[in-house]
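These are my notebook entries on what I looked up, kept in the order in which I went through it.

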Amino acid sequence: MTMADKITLSPAATASRRRKTTHGLLGTLPAVFFLVVFFVLPLIDNTFNSLETRAEDGGAIDNYMRLFTDSYYLEVILRTLWVSFLSTVLCIVIGYPVAYYMVRHVKGSGALLIFLLVAPLMTSIIMRTYGWQILLARNGPLSDWLMALGLIDRPLGLLRSPVSVYFGLVHILAPYMVISIASVLQTVDRRLEEASLVMGASRFETFRRITLPLSTSGIVTGSIIVFMLCNGSFLTMLLLGNGSVVTLPLLIYQQFVLVNDTGFAAAMGNVLLLLALICLYLQLRIVRGKGAA
Amino acid sequence: MPAILSNRKRPDTGLMVLRIFVAAFFIFLLAPILIVVLYSVSDAAYTVWPIQDLSLRWYERMIEYRPFLTSLGFSFKVAIWAAALSILIGVPAALALARSRSPLAEAVTTFLLAPLSMPMILLGVALLYYFSWMGLGVSQTGVILSHTVVSLPYIVRTVAAVYMNAGKGQEESAAILGANRVQVFVRVTLPMIRAGILAGGIFAMLISLDNLPISFFFAGPDTNTLPVVMLAYQQNQFDPAIAAISTTQMVIAIAMLLVVQRLTGLHHIIGQQR
């Protein structure tokens, strides 16, 4: 509250503010109640489900034992983390220059580029994967053009391989990274960069020692979002990977559709939940850290 | 500033490389979408490259194939219901959170936005079994309530951001000039946040229309949303009818997105991703 606010406040307004402080959160009750009933309780219910096993003599934590001792499932969990990690790194490497360009070199508000960045987020995942299926097909446009350019001498078989999965994932996730980095880069004082250049630092050095450190928080928040979204995605793996990249969400999907082992699917869901909660916790710590600075 | 001046005079190779990189990025971003649009007007019976002739036959097929249109109708029904429910419970929450000084406010905000951070597939599985246990199971009500869980955060976030930006000067002036609380709300607060409610509502609808990971689990004869039907079609048939329906859906989404941009700007919704 600024001084001006304090002065203009009438006693009545102060009283109403005090009332608002005490009853301040009453308005949130319906929403909180709704999420308790349709968000928290279903997740708790899911945890109960995860303790049920198909075997008659099964113990309560059998599903989890199976997940963490069977080398196949352990591999799937590690692969899930690895795919998310690699996608995040790819998004940083690809997204940073784009964000930098949008903030530093686009004149005006850059509304067109922002629109082009956000519009793909609004197209259905079916459309995007269908597009990649066409583009990456053995005799599709990409192979065609690369051959015409003389870069490859026979058609590429990228489809149904991990490469096509990464194409799909980065395509979906990179805009989030660009947006996160750009929103932080916007707040970096350009005079610091200019001062560094004036004092004789090269542009690369200026970037490495001034711009990059000042925009780290954008990279970190973007990475958490991308990592989190990637951990939960299965449609890209299903439609572009064709079984070449099996991650936890895809396995849940398969358990549900093919095997119908609901207890095991619920247990895998809880592992995903744990990962999501860790990401959420990190995100909150960072947001709060920023507030304190 | 000699260093900068001399930098500007030299032909800037660094900037050139950056420009090419950014152009390549946007081509990468748009290519898979544009190619689908292109195939939607092709004449080929399946996706062969290069395209020979153009025709609108896949749009005809799209209209003739009943599941596309009926599921599109149902998708809209779900989206509108989910957005309306989210507005009903989300707007009071956003208003309270934007002005609250309670130490709990931060925790409540986190809680209301938490569904955004959850893996959708987990929500889908969990909600399906929960609703089955309640006796709702695979029902239209189940789909609508599930979508509301993920729509609600967008309303809360957008309306709270708009309300916070508006400041409280006008409301206080009205109160000082003698307006009672109802009058302040109807004549001052509501007009201030109307654009935010509309933009958040449309965005919530977009999220719902596009949702597949939750809707998938509620698939049934009268609970199929458009993305669910599209997924089934894509897995079983290979003709470009899927391109036609995808393009149609995209045109609807972009029109709605343009409305959002005119109402509040996109940054309120996406800029503060957290």
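Entry 1, charges and polar pairs between the domains. I looked for salt bridges between domain 1 of chain B and domain 2 of chain B, and the count is zero. This is a predicted model, and I then asked how many residue pairs are in polar contact between domain 1 of chain B and domain 2 of chain B, counting pairs with both residues at pLDDT 80 or more; that count is zero as well. Sorting by class the side of domain 1 of chain B that touches domain 2 of chain B, I noted seven nonpolar residues, three polar residues and no charged residues.

Entry 2, extent of the contact. The domain assignment of chain B places domain 1 at 13-55 and domain 2 at 67-271, and I find 31 Å between their centres, taken over C-alpha atoms. Across the boundary, 10 residues of domain 1 of chain B are in contact with eight residues of domain 2 of chain B. Together the two domains of chain B bury about 560 Å² between them, and 75% of that area is on carbon and sulfur atoms. On the side of domain 1 of chain B, I wrote down B:Val36, B:Val37 and B:Ser40 as the residues that lose the most area to domain 2 of chain B, with 49% of what that side buries falling to these residues together.

Entry 3, a methionine in chain B. I found B:Met205 in helix H9 of chain B, which covers residues 181-210. Is B:Met205 buried or exposed? I count B:Met205 as buried, because its relative accessibility is 15% and the cut-off for buried is under 20%. Leaving out residues up to four places away in sequence, I list B:Phe76, B:Ala79, B:Ile80, B:Ala83 and B:Met256 as the residues that B:Met205 touches. I also looked up B:Tyr154, which is 51 residues from B:Met205 along the chain, and the C-alpha atoms of B:Met205 and B:Tyr154 are separated by 9.9 Å.

Entry 4, two asparagines in chain A. Phi of A:Asn242 is near 55°, a positive value in a residue other than glycine, and I place A:Asn242 in the loop between helix H13 (235-241) and helix H14 (248-259) of chain A. A:Asn260 has a positive phi too, of about 60°, although A:Asn260 is not a glycine, and I find A:Asn260 in the loop between H14 and helix H15 (262-292) of chain A. For accessibility, I noted A:Asn242 as partly exposed at 49% relative accessibility, and A:Asn260 as partly exposed with a relative accessible area of 46%.

Note on methods:
Residues numbered from 1 in each chain as written. Chains lettered and ligands numbered in written order. Predicted model: local features only at pLDDT ≥ 70, side-chain atom pairs only at ≥ 80, totals over all residues. Heavy atoms only, no water. Helix = DSSP H or I, 4+ residues; strand = E, 2+ residues; numbered from the N terminus. Buried < 20%, exposed > 50% of the residue type's maximum accessible area, 1.4 Å probe, protein only. Domains from an automatic or database assignment. Contact = heavy atoms within 4.5 Å. Buried area = accessible area lost by both parts, 1.4 Å probe. Salt bridge = Lys/Arg side-chain N within 4 Å of Asp/Glu carboxyl O. Polar contact = N/O pair within 3.5 Å; in protein donor to acceptor, adjacent residues only side chain to side chain. Nonpolar A, V, L, I, M, F, W, Y, C, P; charged D, E, K, R; others polar.
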